[in-house]
Amino acid sequence: MKNFDVAIAGGGLIGGAMALELAGAGLRVAVFDQGEPGREASWAGAGILSPAPESRAMLSMVPLAKASMALYPEFVARVEEISGESVGFRPKGTLQALFGAKAREELSTLIALQHGLGLRAEPIRAEDARALEPALSEDVEAAALRPDEASLDNRALTQAVFTAARKGGAEIFANCSVNGIRREGGRCTGIKLRDENISAKWTIIAAGCFSASIAGVEAFAPVRPAKGQMLALRADDVKIERVLWSEDVYLVPRNDGRILAGATVEYVGFEKRVTAGAVQKILSAAIELAPGLANAHIEETWAGLRPDSPDHLPILGPANLDGLLIATGHFRSGILLTPITAKLTREWITEQRVSVDWERFSPLRFVETPREAAAKR
Ligand SMILES: Cc1cc2nc3c(=O)[nH]c(=O)nc-3n(C[C@H](O)[C@H](O)[C@H](O)COP(=O)(O)OP(=O)(O)OC[C@H]3O[C@@H](n4cnc5c(N)ncnc54)[C@H](O)[C@@H]3O)c2cc1C
C-alpha cells in the first residue's frame with residue numbers, strides 16, 4: 001500500500017497550495033484528483049482578491065480574508081519563483097461604481113462599512129473615477145476605490161501552484177477518484193481509491209463542491225455547487241486597469257488584454273451549461289458599466305461550480321476523527337483564501353496550533369453533538 005504523511009483528496013487550487021506548503025515543510029504529500037487537477041472552480045473563477053464581504057453572512061469571514069490578502073504578495077512571489085511561471089498578479093485596487101439618485105447616500109454607507117471592518121476604501125467623485133478609468137459610463141454617479149484589493153489569473157496561478165508543488169516533491173495523481181476515507185477506531189488512516197487504498201498520517205478533504213460525495217466525510221463537508229457563469233471579452237479600444245464593480249456585474253482585466261465579466265450565482269445542481277439568459281444579463285450589466293464593451297468580441301464563455309456551505313462560510317479544520325482535516329466550502333472567495341488555508345493546515349499538521357483563529361469555520365459546526373441530539377428527543 002502506498003504510504004504518505006499527507007493524502008489530499010482534490011486537486012483544485014486549495015489542494016495544490018496545501019501540497020506546496022506541506023511539501024515545503026518536509027512532508028511526503030500526495031494529491032489525488034478525480035480528473036485533471038485544476039480544471040474545476042479554480043479554473044472557472046474570476047481571480048478577484050477582495051476581502052470586502054459580499055453579504056452579511058460573510059462578515060465573520062473578513063478577518064480570515066484580510067489575513068489571506070496580507071499573505072498574497074509573498075505567496076505569489078514564492079509560487080512564481082519556484083514554478084518559473086507568471087500568475088498575472090495585478091495589485092492595482094478595485095473600483096466600485098454606483099448609479100442612480102441615491103448613489104451618494106449608498107457611498108457613505110459603503111465607506112462606513114468598509115472602515116468599520118478595518119478595510120481601506122476612499123470615496124471618489126464620478127469625474128475622478130472616470131479620470132482613473134475612462135471606460136466607465138457617464139451615468140456613474142459616485143465610486144469607492146479600494147486600493148488594497150487585487151486580481152490575478154487564477155488559471156495561471158493554479159497551474160503554477162501544481163508545477164511548484166511537484167518541484168517541491170509533492171506527488172500529484174490525476175484521474176484518481178477518492179471514494180472514501182479509511183478509518184480505524186477513532187482515527188482516519190488514509191483514503192480509498194477505486195482499486196487501491198492509500199495510507200496516510202493525515203488526510204485532507206479538498207474536493208471543492210464534490211466533497212460531500214466522499215464516503216465518511218458527508219457530515220463534515222455538507223457543500224453544494226453554486227454555479228457561476230462568466231464571459232471573456234476583448235475590445236482593443238476599451239482599457240481597464242482595475243477590477244470594476246457595479247451592483248450587477250464585475251469586470252476583471254487580465255494582462256493579456258482580455259476583460260472577464262461575471263458572474264451568476266445559481267443553485268441548479270452539478271451542471272455547467274452556459275445559458276442565453278445569463279449571458280444576456282451579464283452583458284447588459286457589463287455594457288451599462290463600460291459602454292465601450294458593446295463592440296467587444298466575445299472570446300469565451302464558461303461556467304464553474306463554487307463549493308458553498310450551509311452558512312456560506314468556509315469549512316476549515318479538524319473533523320472528529322484524528323488525522324482528518326477538511327478544507328472546502330470557500331464559496332466565492334476560494335482564490336483569495338488559498339494562502340491562509342494552506343498556511344493554517346500546515347501549522348495544524350506540523351505544530352498542532354494555528355496563528356489565526358479558525359474555530360468559527362470548524363467542520364464540527366454541522367455535526368450534532370450527542371447532547372444536542374438528546375435534547376431534541
Ligand atoms: C464563476 C466563478 C467565479 C469565481 N470568482 C472568484 C474570485 O473572483 N475570487 C475568489 O477568491 N474566488 C472566486 N471563485 C471561487 C473559487 O474559484 C473557489 O472557491 C475555489 O476555486 C475553490 O477551490 P477548490 O480547490 O476548493 O475547488 P475546485 O477548484 O473545484 O477543486 C476541487 C477538485 O477536487 C476534485 N475532486 C472532486 N471530487 C473528487 C474526488 N472524489 N476524488 C478526487 N478528486 C476530486 C475535482 O476534480 C477538482 O479538481 C469563483 C468561482 C466561480 C465558479
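Student: What makes the pairing between a backbone N or O atom of Gln34 and a nitrogen atom of the ligand a polar contact?

Tutor: In this predicted model, a backbone N or O atom of Gln34 lies 2.9 Å from a nitrogen atom of the ligand. A polar contact requires a pair of N or O atoms within 3.5 Å, and therefore the pair at Gln34 qualifies.

Student: Which side-chain atoms of Asp33 and Ser42 can be judged in that way, and how far are they from the ligand?

Tutor: For Asp33, an N or O atom of the side chain is 2.6 Å from an oxygen atom of the ligand, and for Ser42, a polar side-chain atom lies 2.5 Å from an oxygen atom of the ligand. Both distances are within 3.5 Å, so each pair counts as a polar contact. Of the accessible area that the ligand has on its own, which is 1,000 Å², the protein covers 98%.

Student: What surrounds the ligand, and which element gives the most to the shell?

Tutor: The shell divides into 20 nonpolar, 14 polar and four charged residues. Strand β16 gives the most, with four residues, while α1, α2, β12 and β16 each supply at least two. Of the 38 residues around the ligand, those that come nearest are Asp33, Ser42, Val178, Phe331 and Leu336.

Student: Why is Ser68 called buried or exposed?

Tutor: Ser68, which is found in helix α3, has a relative accessible area of 0%. Buried means under 20%, so Ser68 is called buried. Leaving aside residues up to four places away in sequence, Ser68 touches Leu336, Leu337, Thr338, Pro339 and Ile340; Leu336 is also among the residues that come nearest to the ligand.

Student: How do you know that the length of α6 is close to what is expected of a helix?

Tutor: Helix α6, residues 154-167, has 14 residues and reaches 20 Å from its first C-alpha to its last. The expected span is 1.5 Å times one less than the number of residues, which for α6 is given as 20 Å, and therefore the helix is close to expectation.

Student: What do the buried residues of α6 pack against, and what is found at the ends of the helix?

Tutor: The buried residues, including Leu157, Val161 and Phe162, pack against α1, β2, α2, α3 and β8. At the start of α6, a side-chain oxygen of Asp153 reaches to within 3.0 Å of the backbone nitrogen of Arg155, whereas just after the helix Gly169 takes a positive phi of about 110°.

Key: Residues are numbered from 1 along each chain as its sequence is written. This is a predicted model: local features need pLDDT of at least 70, side-chain atom pairs count only at pLDDT 80 or more; totals for chains, interfaces and linings use all residues. Side-chain values use heavy atoms; hydrogens and water are left out. A residue is near a molecule or strand if one of its heavy atoms lies within 4 Å of it. A polar contact is a pair of N or O atoms within 3.5 Å; within protein, one must be able to donate a hydrogen and the other to accept it, and residues adjacent in sequence count only if both atoms are side-chain atoms. Accessible areas come from the Shrake-Rupley method with a 1.4 Å probe; for residues, only the protein chains shown count as cover. Ala, Val, Leu, Ile, Met, Phe, Trp, Tyr, Cys and Pro count as nonpolar, Asp, Glu, Lys and Arg as charged, and the others, Gly among them, as polar. Buried means under 20% relative accessible area, exposed over 50%, partly exposed in between (1.4 Å probe, protein chains only). Contact means heavy atoms within 4.5 Å.
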